[in-house]
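The exercises below ask the reader to work through one protein chain, from its overall make-up to single residues. Each task is followed by a solution that proceeds step by step.

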Amino acid sequence: MSQPHLPYTPRAVDALQALLNSVAEAGEFTDDYIMVLTTLCGQFGDLENTVVMGALRLLDMSDSVEKITAERSRRYLYKVRDIEMENMFYVCRPSQRYCSCGKFLQVLSSDAIVCEHVLAAQLTGALGALKESVVSDKDFLEHS
Ligand SMILES: [Zn+2]
C-alpha cells in the first residue's frame, strides 16, 4: 500500500524546513522524525521509500556529504556520494532544488520534494555534521 505524501508545494517545502530546524535544535535525528519525513518526501512513483531510507543510509556512512564553498564568491554546493558506489559523487544545490543524480529527473517530473542526496545534505547540515571545504573560485568551477 502506497501512503500519500505531500506534493511539492511551498507548504511541503516549509514543513521540510521546519523539520530540519527542529533536528538542528535537537541535535539528533530520532525515529519520530522518520515518520514525518516519510510523509513529506518518502515516496514517489516506483521509488517507494528510497528517499528517506537512502538519506538515512548516507547519514550512517562517514564522509558521505561534503560542503564545498568558493573562497571569494561564497557560492557553495554539496558533494554527496552514491549509496552503492563509493567513488561516485553527485553535486547537490538544495536551495535550487538540484542534484546531478539520474534519479533527480524523476523527482522533478513527479511531485516529490527531494532525492536522497539532497535530503542527506540537508540532514547532515542540520545535524552540524558537515565536512566543509573552502576552495578557490577556479577550483569551485571544477566541482560544479
Ligand atoms: Zn540526487
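**Exercise 1. Establish what fraction of the chain is buried, how its elements are ordered, and how far the model can be trusted.**

Step 1. Of the 144 residues in the protein chain, 27% are buried.

Step 2. The chain holds six helices and five strands, and from the N terminus on these elements follow the order α-α-α-β-β-β-β-α-α-β-α.

Step 3. Since this is a predicted model, its confidence values should be read before any detail: the mean pLDDT of the chain is 84, with 87% of the residues at 70 or more. Over residues 44-48, however, the pLDDT falls below 50, and this stretch has seven contacts in the model beyond near neighbours in sequence.

Step 4. For the contacts as a whole, taking pairs of residues at least 6 apart in sequence, 62% join residues that are at least 24 apart.

**Exercise 2. Derive the order of the strands in the sheet and the sense in which each pair runs.**

Step 1. Begin with β1 (residues 65-70), which is joined to β5 by five bridges, the two strands running parallel. Within this pairing, E66 has K131 of β5 as its bridge partner, while I68 is matched with S133 of β5.

Step 2. Turn next to the pairing of β1 with β2 (residues 76-81), where five bridges are again found, but the strands run antiparallel. Here T69 stands opposite Y76 in β2. These two strands form a hairpin with five residues between them, and R74 in its turn has a positive phi of about 65°.

Step 3. Continue from β2 to β3, a pair that is antiparallel over four bridges, with Y78 opposite C92 in β3.

Step 4. Finish with β3 and β4, which two bridges join in the antiparallel sense; the bridge partner of C92 in β4 is C99. Four residues lie between the strands of this hairpin, in which R97 takes a positive phi near 50°.

Step 5. Putting the pairs together gives an open sheet of five strands in the order β4-β3-β2-β1-β5, with mixed pairing. The edge strands, each pairing on one side only, are β4 (98-99) and β5 (131-135).

**Exercise 3. Assign the residues of β3 to a covered and an uncovered face, and state the general rule behind the pattern.**

Step 1. The general rule is that side chains in a regular strand alternate between the two faces of the sheet.

Step 2. In β3 (residues 89-93), Y90 and C92 make up the covered face, whereas F89, V91 and R93 make up the uncovered one.

**Exercise 4. Describe the surroundings of helix α5, including its packing against α1 and its part in the nonpolar core.**

Step 1. Helix α5 is mostly covered, as 10 of its 11 residues are buried; among them are H117, V118, A120 and L123.

Step 2. Helices α1 (residues 10-26) and α5 (residues 116-126) pack at an angle of about 35°, and their axes are 8 Å apart. On the α1 side the contact is made by L20, V23 and A24, and on the α5 side by Q122, L123 and A126. Sorted by class, this contact has five nonpolar residues, one polar residue and no charged residues.

Step 3. The largest nonpolar core has 28 residues, and those with the most contacts inside it are V80, C92, V114 and A120. Two or more residues each come from α1, α2 (31-41), α3 (50-60), β2, β3 and α5, and the largest share, six residues, is that of α5.

Step 4. As a check on one core residue, take V80: leaving aside neighbours within four places in sequence, its contacts include L58, V65, Y90 and C92 as well as H117, A120 and A121.

**Exercise 5. Determine why A129 is classed as partly exposed, and locate A129 relative to V65.**

Step 1. A129 lies in the loop between α5 and β5, and α5 is followed by G128, whose phi is positive, near 65°.

Step 2. A129 has 14 other C-beta atoms within 10 Å and is therefore partly exposed, because a residue counts as buried at 20 or more such atoms and as exposed at 12 or fewer.

Step 3. A129 and V65 are 64 residues apart in sequence, yet their C-alpha atoms are 8.9 Å apart in space.

Methods:
Residues are numbered from 1 along each chain as its sequence is written. This is a predicted model: local features need pLDDT of at least 70, side-chain atom pairs count only at pLDDT 80 or more; totals for chains, interfaces and linings use all residues. Two strands pair if DSSP finds at least two bridges between them. Axes are lines fitted to C-alpha atoms, for helices over the stretch in contact, and angles run from 0 to 180 degrees between N-to-C directions. Two residues are in contact if their C-beta atoms, placed from the backbone, lie within 7 Å. Ala, Val, Leu, Ile, Met, Phe, Trp, Tyr, Cys and Pro count as nonpolar, Asp, Glu, Lys and Arg as charged, and the others, Gly among them, as polar. pLDDT is the predictor's confidence in each residue, from 0 to 100. A nonpolar core is a set of buried Ala, Val, Leu, Ile, Met, Phe, Trp, Tyr and Cys residues joined through C-beta atoms within 7 Å.
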